[in-house]
Amino acid sequence: MARVMTRSITLASRSTSLFRHRHSPSTIASPAQLSSLNCSSDSEFMPFPRRRRFRGFNRAPLPAVRGFEASMRRTSKSRRGKPPLPLKKGPDFVVDVCIEEELPDEPEILTVAEMLRHDVAVAMKVASELLGSDYKTRDASINGLRGFKKIEVSVLLCNDSFIQKLNKEWRDEDKATDVLSMSQHIPELDLPILMLGDLVISVETATRQAEERGHTLLDEIRILVVHGLLHLLGFDHEMGDLAEREMEQAEELVLKNLGWRGKGLIRSTCDEPVDEIPKVDTTNAKQSDDPVDESPKVDTTNDGVVKNMKKSSRGLPKPKFQYIFCDMDGTLLNSKSRVSSKNVEALKEASSKGVNIIIATGKTRPAVINVLKKADLTGKHGIGSEYAPGVFLQGLLIYGRQGREISRRNLDHNVCREAFLYSLERKIPLVAFSQDRCFTPFDDPLVEALHSVYHEPRAEVAPSIDHLLSMAEIQKLLFFDTPDGVSNILRPHWAEATKGRAGVVQAQADMLEIVPPQTSKGTGVRMLLDHLNVHPEEIMAIGDGENDVEMLQLASFSVALKNGSEKAKSVADVVGPSNDEDGVAEAIYRYVL
């Protein structure tokens, strides 16, 4: 990929836009005209009549991130009598998302498009608040965004062919690229509404880059959104080395504050190798009487990773463990929510040698079985199955020998009721977990992502909380929000509101779990060990999150992965490679086999 992929292009007038009607290639439509084409966030996800070029979806437009944040923070008086939190003044951020007609109607693309309506608005808010005028190379005319009442951005998802034509037309570069930014900002106009511009993203290029960089399509598109927004906000890395450094720093700052995965586009591009490292053929190497170097040799190919892990484990004394307790998200699963082939090979080899692999996770049992089935790790004698022991839902559901339930803990009904009302009033997505089922007060893209990305059972919309509580027992609740919203609003509120009645757990930056008091994976693991008549000295634990701390402390030997929380790494015996570097496989080869 070329180092420079985008350029902010100021169009001839504020009303112009990149979106065009199929039958009028020379006619440029304004965002107002886009609305008439049902391409705004006010239309249903469906093809336009008469085969127009773009598809939009019909949803209520995002209220201001002011309105969006307010919907999270706003309270009429709470049941505990606390005054409402103050609202921050700021512009409304409105996002139009369209899909070019040539793209297939794949569920992943539709889900990404839905989530972008939320993600782009939040990214705009975060970027506009974090990035001031102290950048030497940033366009000084694009400042003072808080003076506008409304800021609008359009996003188009397309294929390589479409973006290549656009790239040729606007930049005279006849090749596909990942993202194009087209500014509509005209400083001379004194209007209350800022039409910031348009982002065009090639899903085909983003898919390839996601595969190369080891993360999901959504992660890659989020990175491209941040890159494109920074162009619209006055950054341009093509101006020189200083401009590139400043934009790179801005990308990393925004991504970090959003809690999104991956490095910024500029850093990712710079980190990519220019040439492939050649393999070294040692098959005909001359034998020598010199002392043999027993240290493991580095194999620069992916196929050599497990080979070198095995080599490095042969000549050293290793502690032996009969049981491995392993977390799922962020540990056994990589950033694509999959089990890597190297981890599969290590788990199967350990199991074949009599090591018992037990899953200890915040996920439901069906979600775990679904993921492991794709990796051929299920079945009656598999690692994950209805017949295997395991610790699920943060230790709230425990299955013992033959997969029989030995323990279940449920949330207080009043806590569930308060959380549902809180979710409905503030429109904050919430999911209730009830054994093998999930429920939600209302549909939301983040709730759908729990199924499509994290493999959990698809959430059913509950007609009312009273109806739900009359038919199901709730083990835990899960709120979705931005990392900032979770740490600064949700976590403090619910830690105080449920004191003595429930606890809060944060396994990921953008999720907050409410669980029964004194809940922990470690407690669940200890209960299962007692059931199996196994001593903690016989187990090794592998994890990454804050919710894994007690389990890591309980085990005779523990490994926290490099991508894990600081709390997890501080209590573990060793820190291993990340979940994207086959950390579980290395732990097994190095410390068990």
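**Burial, pairing and crossing in a predicted model**

Analyst: Asp-548 touches Asp-327, Lys-521 and Gly-543, leaving aside residues up to four places away in sequence; contact here means heavy atoms within 4.5 Å. The model is predicted, so local features need pLDDT of at least 70 and side-chain atom pairs pLDDT 80 or more, while totals for chains, interfaces and linings use all residues. Residues are numbered from 1 along each chain as its sequence is written, and side-chain values use heavy atoms, without hydrogens and water.

User: Where does Asp-548 lie, and why does Asp-548 count as buried or exposed?

Analyst: Asp-548 is in the loop between strand 18 and helix 18 (549-554). Its relative accessibility is 0%, and buried means under 20% relative accessible area (exposed is over 50%, partly exposed in between; 1.4 Å probe, protein chains only). Asp-548 therefore counts as buried.

User: What makes the approach of the Asp-548 side chain to Gly-545 a polar contact?

Analyst: The side chain reaches the backbone nitrogen of Gly-545 at 2.9 Å. A polar contact is a donor-acceptor pair of N or O atoms within 3.5 Å, and the 2.9 Å pair meets that limit. Likewise, at the start of helix 14, a side-chain oxygen of Asp-444 comes to within 2.9 Å of the backbone nitrogen of Leu-446.

User: Which residues of helix 14 are buried, and what do they pack against?

Analyst: Helix 14 (residues 445-452) has Pro-445, Leu-446, Val-447, Ala-449 and Leu-450 buried. The buried residues of helix 14 pack against helix 3 (107-130), strand 12 (430-434), strand 13 (437-440) and strand 15 (476-480).

User: How do you know that strand 7 and strand 18 pair?

Analyst: Pairing requires at least two DSSP bridges, and four join strand 7 (residues 323-326) to strand 18 (residues 539-543), which run parallel. Tyr-323 stands opposite Ile-539 in strand 18.

User: Why do strands 11 and 20 stand at the edges of their sheet?

Analyst: The open sheet has eight strands in the order 11-10-9-8-7-18-19-20, with mixed pairing. Strand 11 (405-408) and strand 20 (574-576) each have a single partner strand, so one side of each is left without a neighbour in the sheet.

User: Why is helix 5 described as roughly parallel, perpendicular or antiparallel to helix 6?

Analyst: The axes of helix 5 (residues 203-213) and helix 6 (residues 217-232) come within 8 Å and cross at roughly 110°. Because 65 to 115 degrees counts as roughly perpendicular (under 35 roughly parallel, over 145 roughly antiparallel, the rest oblique), helix 5 is roughly perpendicular to helix 6.

Key
Helices (H or I, at least four residues) and strands (E, at least two) are DSSP runs, numbered from the N terminus. Axes are lines fitted to C-alpha atoms, for helices over the stretch in contact, and angles run from 0 to 180 degrees between N-to-C directions.
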